[in-house]
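Here are a few exercises to work through with the model open beside you. Take them in order, and try each task before reading its solution.

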Amino acid sequence: MKKLISLLITSLLLVTCTGVFAEDEMYVYTPKHITVTYNGDPIIFPDAHPIMQNSRTLVPIRAIMERANLNVDYSSETKTITATQGALSITMTIDNPEATITKGENSRTVTMDVAPAIINGRTYVPVRFVSECLDINVNWNALANEVVLIDPAEWKREIETRAKMLNVLLDMPFASDTAYAGNFSGLMQLGYIFKNLPAETGLAPKTTACLDYNLTGTNVYDGNIFTAYAVLDIDLSALKTLSAAKGEADIFTFDEIATKHKIDLDMLMDEEWNLYIKSNGLLSLMEKTGQEAYAKAIGSRYIKISLNDMIEGELPDMSACKTYWDVFAASVRADNMLYTQSAALLDDMVDTYIDRFSNDSLKITERYNGTHFWSMNVSQQDMTDFKLDMARLTAISSGEPVDEGALAEQKKELDSAKVKNVITVLMENDVPAKVEFTDFYETGDEPIAPTVSTGKMPTVQKTNKLNFGASIRKFNSYKDKKTEVPKDVITLDELKQIQ
């Protein structure tokens with residue numbers, strides 16, 4: 001995995017302030033040195049450097065094309081440069097602003113702002129042309145004087161090769177042209193075993209408590225609108241026990257919270273990615289917990305939530321997004337403030353997830369009916385490494401210093417815990433028909449400090465269990481119905497106005 005030291009690179013290439021003359025035009029190096037990075041890595045130009053001409057950034061084409069894994073050839077007789085990779089072919093001619101880009105049987109002509117030129121024996125082209133012909137992002141960081149090239153497709157190719165299970169999950173439909181239906185279920189249990197509790201807590205020396213969350217539901221996509229109906233059963237009765245065991249008396253004394261709840265969720269998403277939610281169970285809970293004004297305002301209406309309400313910043317164009325990977329790639333492409341350090345951080349995160357879903361942990365079994373059963377049982381050591389790496393990267397991404405002491409304590413806790421992570425996928429015709437995630441995490445005995453304690457040190461052992469499964473099938477017009485977008489709605493902005 002690439003080391004995080006790549007994030008410390010702040011100066012990549014140095015060039016001197018000189019002028020170069022070619023065919024009566026002057027190319028001037030800028031006073032600040034221009035650097036170029038590709039997915040966070042510096043591109044090394046051994047004997048040529050990026051330059052500026054008429055406010056255009058020109059770059060040596062060979063180094064960038066080779067970094068993008070293209071083969072580059074030059075014909076001195078025709079002054080033609082050809083770069084190829086599989087079905088992709090890019091052809092350009094010195095002093096001719098028109099270039100031809102061919103992908104398979106499709107070919108198109110692109111006109112550059114500045115024609116390719118040979119300077120000191122190297123071919124230069126506008127950096128924007130590199131972006132267009134390779135279908136990658138190019139961001140300009142004026143403060144650091146750097147050209148930032150970002151290629152999500154390179155990350156996808158690494159995932160396809162090194163983490164097949166992750167690739168399957170990322171290629172699952174976020175949006176589909178084909179109608180389908182399915183069902184899903186989930187179970188989460190938070191268990192606690194308290195030992196050596198003092199008598200002052202009012203509990204037995206050894207006491208257990210468990211919080212349960214059980215979700216079941218169905219979903220239908222009719223070709224235009226996605227709907228889902230689910231029931232969430234929650235048992236919070238153990239909150240009183242947890243409060244007493246930790247010496248936190250009177251926090252959960254009211255029965256409205258520390259009891260069982262059944263919350264229905266009627267959900268719908270329209271073609272513009274607006275989410276609509278209605279729940280009688282949620283309204284009832286709001287009324288019991290002092291939120292009567294909100295419950296009354298909502299009434300029988302749906303709550304409308306737009307993506308702008310859920311995601312900060314400018315949204316990418318997701319009209320062409322069909323998979324979860326498409327959404328990620330669109331978000332990256334829409335961010336013109338994504339510079340080298342952030343690109344390097346994304347690169348490290350991709351590598352971390354690839355290690356987490358490594359093919360070494362994948363087992364594929366062919367079944368009697370031609371389907372395939374994919375299973376991945378991640379080792380405890382791999383899960384420990386993943387959690388620690390993500391904790392480090394999360395701190396860096398938030399601009400906070402990495403707390404090595406906290407990481408050491410987390411590693412100690414992870415090493416003493418029991419961890420199990422299993423992912424299974426039923427593949428039909430190379431498409432997931434059923435997916436199931438199972439997580440299990442059990443700590444060792446951890447000291448706790450209730451307000452009163454005598455004798456042996458009170459401890460708690462925590463167990464987290466999570467299981468989620470989903471399956472899909474073809475849309476059946478006899479069983480599955482089409483749905484209309486609700487008209488009687490209340491928005492989040494309207495709810496915020498309620499005092």
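**Exercise 1.** In which sense do strand E3 and strand E15 pair, and over how many bridges?

*Solution.* Keep in mind that this model is predicted. Begin by finding E3 at residues 35-38 and E15 at residues 146-150. Next, compare their directions: the two strands pair in the parallel sense, over four bridges. To check one bridge yourself, pick Val36, whose partner in E15 is Val147.

**Exercise 2.** Place this pair in its sheet: what is the strand order, and which are the edge strands?

*Solution.* Start with the order, which is E4-E3-E15-E14 in an open sheet of four strands. The pairing in this sheet is mixed. Then look for strands that pair on one side only: these are E4 (41-42) and E14 (137-141), the edge strands. Finally, add the helix. H2, residues 127-134, lies across E14 and E15 and runs at about 155 degrees to E14.

**Exercise 3.** Describe the hairpin of E22 and E23: how many residues lie between the strands, and which residue takes a positive phi?

*Solution.* First locate the strands, E22 at residues 362-366 and E23 at residues 372-378. They run antiparallel and are joined by five bridges. One bridge to look for links Thr365 with Phe373 in E23. Now move to the connection: five residues lie between the strands, and Gly370 has a positive phi near 90 degrees.

**Exercise 4.** What is the volume of the largest pocket, and which element gives the most to its lining?

*Solution.* The volume comes to about 1,300 Å³. For the lining, count 47 residues, with Pro173, Phe174, Tyr180, Phe226 and Tyr324 nearest the centre. Several elements give two or more residues, including strand E16 (180-195), helix H10 (340-356) and strand E25 (431-442). Of the elements, E25 gives the most, at eight residues. Sorting the lining by class yields 31 nonpolar, nine polar and seven charged residues.

**Exercise 5.** Now do the second largest pocket: which residues are closest to its centre, and how does its lining divide by class?

*Solution.* This pocket has a volume of about 620 Å³. Among its 24 lining residues, Glu428, Val431, Pro432, Ile472 and Arg473 are the closest to the centre. Next, assign the lining to elements: E24, E25 and E27 each supply at least two residues, and E27 gives the most, with four. By class, the lining splits into twelve nonpolar, five polar and seven charged residues.

Key: Residues numbered from 1 in each chain as written. Predicted model: local features only at pLDDT ≥ 70, side-chain atom pairs only at ≥ 80, totals over all residues. Heavy atoms only, no water. Pairing = 2+ DSSP bridges. Contact = heavy atoms within 4.5 Å. Axes fitted to C-alpha atoms, helices over the stretch in contact; angles between N-to-C directions. 1 Å grid on protein atoms, 1.4 Å probe; cavity = no way out; pocket = protein on both sides within 12 Å on 5 of 7 lines; lining within 4 Å. Points joined across faces, edges and corners; volume = space filled by probe spheres on them. Nonpolar A, V, L, I, M, F, W, Y, C, P; charged D, E, K, R; others polar.
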